[in-house]
Structures are given as C-alpha cells and as structure tokens.
Amino acid sequence: MRKRSSEVGSSEFQRLDRAFFARNPRRVARGLLGKVLLREHGKLHLAARIVEVEAYLGENDPASHSAAGNTPRTAVLFGPPGFAYVYFIYGNHYCLNVSCEPQGKAGGVLFRALEPLLGIEEMAKARKIVLQRPRDLSRLTSGPGRLAEAFGITRAHDNGRDLTSPDSGLWIGDDGFRARNIRITPRIGISKAADEPLRYILAGNAFVSGRKTAGQTLNTARNLTDRCRLSLGPNG
C-alpha cells in the first residue's frame with residue numbers, strides 16, 4: 001500500500017550506494033524508477049518518487065553532453081558514479097542528471113519527472129504555484145526543469161554533489177516500492193539520436209511528462225484529485 005505524503009519520513013529510505021550507479025546507464029535508468037529523490041537542508045525536507053528518466057550513453061551517444069569529450073563542463077560525467085551533473089538549458093531552467101559507469105567512462109541518467117511525496121507545499125512555493133486545482137499538482141515536478149526548480153537545484157549549488165553521501169543533502173533512497181508497468185520509449189525533446197529507446201517511464205503515472213491519451217488524461221485527473229486532496233486537506 002502506497003504511503004500518503006503525510007506518512008513519509010526520510011528515515012524510511014535506504015540510501016543508494018555508489019555501486020548502484022557504476023553500471024550501464026540503461027540499467028541505472030530502469031533501476032531508478034520507483035526510487036525517491038530527497039532534499040534535506042535545515043528544516044526543509046522534500047521527497048518525490050522517480051517516475052521518468054532518460055539514459056545517455058557517453059561519448060558515442062550524439063545526444064549526450066559527453067560526446068564533446070572530457071571538458072570542464074562535462075567532467076562530472078567522466079568522474080566517479082553517483083554524482084549530480086546539472087546544466088542550464090534554454091536560458092531559463094536547470095536539469096538534473098546522475099553520473100553512471102566506472103570512473104573514466106562517461107554515462108548519465110536525466111531525471112525527467114517525479115511524483116511528490118513530502119514537502120508539497122514547499123515545492124509549490126519554489127515553483128510559485130498556488131495549489132487550487134488537481135492540475136496544479138502535476139505542474140510541480142512533471143518535467144526536468146520543473147522538478148529542478150521544485151527541489152531548488154542549480155548548477156552553482158548542486159553540480160558535482162555526491163548523491164550517495166550521507167552529508168550531501170541531496171540523495172536517492174529506496175523505500176521498498178516495487179516499480180510496475182515500466183515502459184521504454186524513444187527520448188523526447190532532443191534532435192540527435194532521438195529515436196533511441198532510452199526513455200524509461202512508469203506508464204500511467206499522473207506525473208510522467210509529455211502528451212497523454214484520452215484514457216490517460218482521465219486517469220491523471222482522478223489521481224491528481226486524490227493527491228491534491230491530501231495536500232490541501234478536506235477543505236481544499
């Protein structure tokens with residue numbers, strides 16, 4: 001049974017270790033589905049389940065930043081696995097990735113969408129969103145730029161952060177959730193190697209980004225109504 005946001009605490013998560021990330025990005029991406037991204041800073045505690053990611057395969061992947069080689073910008077991708085690689089895109093938002101493969105071999109996974117579990121009000125404040133309707137909740141973390149803003153992730157603050165360290169403040173945990181209905185599709189929002197089946201999603205989850213079918217839209221509305229009630233309370 002899935003826990004409600006008010007019942008989730010960071011102590012319930014087992015931190016993923018470096019060995020988890022020292023693998024092919026395809027395996028890491030699939031393994032990350034259902035895991036939880038957590039931010040802890042002072043009294044701030046955020047948690048959201050990973051529901052959509054994309055794998056980037058290193059120097060031989062034209063869509064990967066590491067295709068340009070080991071540069072000051074891409075050095076994190078060539079370093080030890082399990083570190084945050086953050087970049088700024090379109091002049092208005094950040095994207096969070098995690099380095100994969102053993103040190104010296106580039107690889108990474110992009111976080112594309114999360115399902116909020118803890119700290120929903122704080123995420124809404126960071127996104128400058130007033131939660132009035134169910135559809136407002138999906139705007140918090142559905143998409144790489146949105147989730148980065150909801151978690152306060154920036155290149156200056158988080159690039160090179162060790163996501164496996166107890167002292168990190170930004171990490172990935174496992175609460176025993178078993179990911180089901182995993183679907184693999186081509187990556188989206190890119191022009192190079194766009195047909196590669198390297199996007200991994202929890203199919204049917206209300207927070208997965210991209211266009212939805214009519215049936216998915218109906219299910220999304222129902223799911224978000226339930227989540228919005230939990231966040232806003234019985235009078236919301």
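## Charged groups over rings

The charged end of Arg187 lies over the ring of Tyr56, at 4.5 Å from the ring centre. This geometry, like everything below, comes from a predicted model. A second arrangement of this kind involves Arg15, whose charged end sits over the ring of Trp171, 4.1 Å from its centre. Tyr56 returns in the next section, since the residues nearest the centre of the largest pocket include Tyr56.

## The largest pocket

The largest pocket holds about 390 Å³ of space. Its lining is made up of 23 residues, and those nearest the centre are Tyr56, Tyr87, Ile89, Leu110 and Ile190. Sorted by class, the lining of this pocket comprises 13 nonpolar residues, eight polar ones and two charged ones. Rolling a probe the size of a water molecule over the atoms shows where empty space is left.

Which strands each supply at least two residues of the lining? They are β3 (44-56), β4 (84-89), β5 (93-99) and β6 (108-118). The most is given by β6, which contributes four residues to the lining of the largest pocket.

## Strand β6 and its partners

Strand β6 is largely enclosed by the rest of the structure, because 11 of its 11 residues are buried. It pairs with β3 through nine bridges, the two strands running antiparallel. Within this pairing, Glu54 stands opposite Leu110 of β6. Leu110 is also one of the residues that lie nearest the centre of the largest pocket.

Strand β5 is joined to β6 as well, by three bridges and again in the antiparallel sense. Here Val98 has Val109 in β6 as its bridge partner.

## Strand β9

In a regular strand the side chains alternate between the two faces of the sheet. In β9, Arg199 and Ile201 are on one side and Tyr200 and Leu202 on the other; all four are buried, and both faces of the strand are thus covered.

Strand β9 pairs with β3 in the antiparallel sense, over three bridges. The bridge partner of Glu54 in β9 is Arg199. Glu54 therefore has a place in two pairings, as it stands opposite Leu110 in β6 and is bridged to Arg199 in β9, under the DSSP bridge criterion for paired strands. Strand β9 also pairs with β8, antiparallel and over four bridges. In that pairing Arg183 stands opposite Ile201 of β9.

## Aromatic pairs

How many aromatic pairs does a search of the whole structure find? The search finds three. One of them joins Phe20 and Phe21, with 5.0 Å from centre to centre and 75° between the planes, an edge-to-face arrangement. Phe20 and Phe21 are both buried.

Another pair is formed by Phe88 and Tyr94, and this one is tilted: the centres are 4.7 Å apart and the planes make an angle of 45°. Phe88 has 42% relative accessibility and therefore counts as partly exposed. Tyr94 is also partly exposed, because its relative accessibility is 26%.

## Positive phi angles outside glycine

Lys128 is not a glycine, yet it has a positive phi of about 60°. This residue lies in the loop between α4 (120-127) and α5 (134-138). Buried or exposed: which applies to Lys128? At 72% relative accessibility, Lys128 counts as exposed.

Ala193, likewise not a glycine, has a positive phi of about 50°. It is placed in the loop between β8 (182-185) and β9 (199-202). With a relative accessibility of 28%, Ala193 counts as partly exposed.

## Contacts across the sequence

Asn24 belongs to the loop between α1 (18-21) and α2 (25-32). Its relative accessibility is 28%, so Asn24 counts as partly exposed. The C-alpha atoms of Asn24 and Leu57 are 7.7 Å apart, although 33 residues separate the two along the chain.

Ala148 is in helix α6, which covers residues 144-150. At 0% relative accessibility, Ala148 counts as buried. Between the C-alpha atoms of Ala148 and Arg112 there is a separation of 9.4 Å, and these residues are 36 residues apart along the chain.

Terms used:
Residues numbered from 1 in each chain as written. Predicted model: local features only at pLDDT ≥ 70, side-chain atom pairs only at ≥ 80, totals over all residues. Heavy atoms only, no water. Phe/Tyr/Trp six-rings, centres within 6.5 Å; stacked < 30°, edge-to-face > 60°. Buried < 20%, exposed > 50% of the residue type's maximum accessible area, 1.4 Å probe, protein only. Lys NZ or Arg CZ within 6 Å of the ring centre and 35° of its normal. 1 Å grid on protein atoms, 1.4 Å probe; cavity = no way out; pocket = protein on both sides within 12 Å on 5 of 7 lines; lining within 4 Å. Points joined across faces, edges and corners; volume = space filled by probe spheres on them. Nonpolar A, V, L, I, M, F, W, Y, C, P; charged D, E, K, R; others polar.
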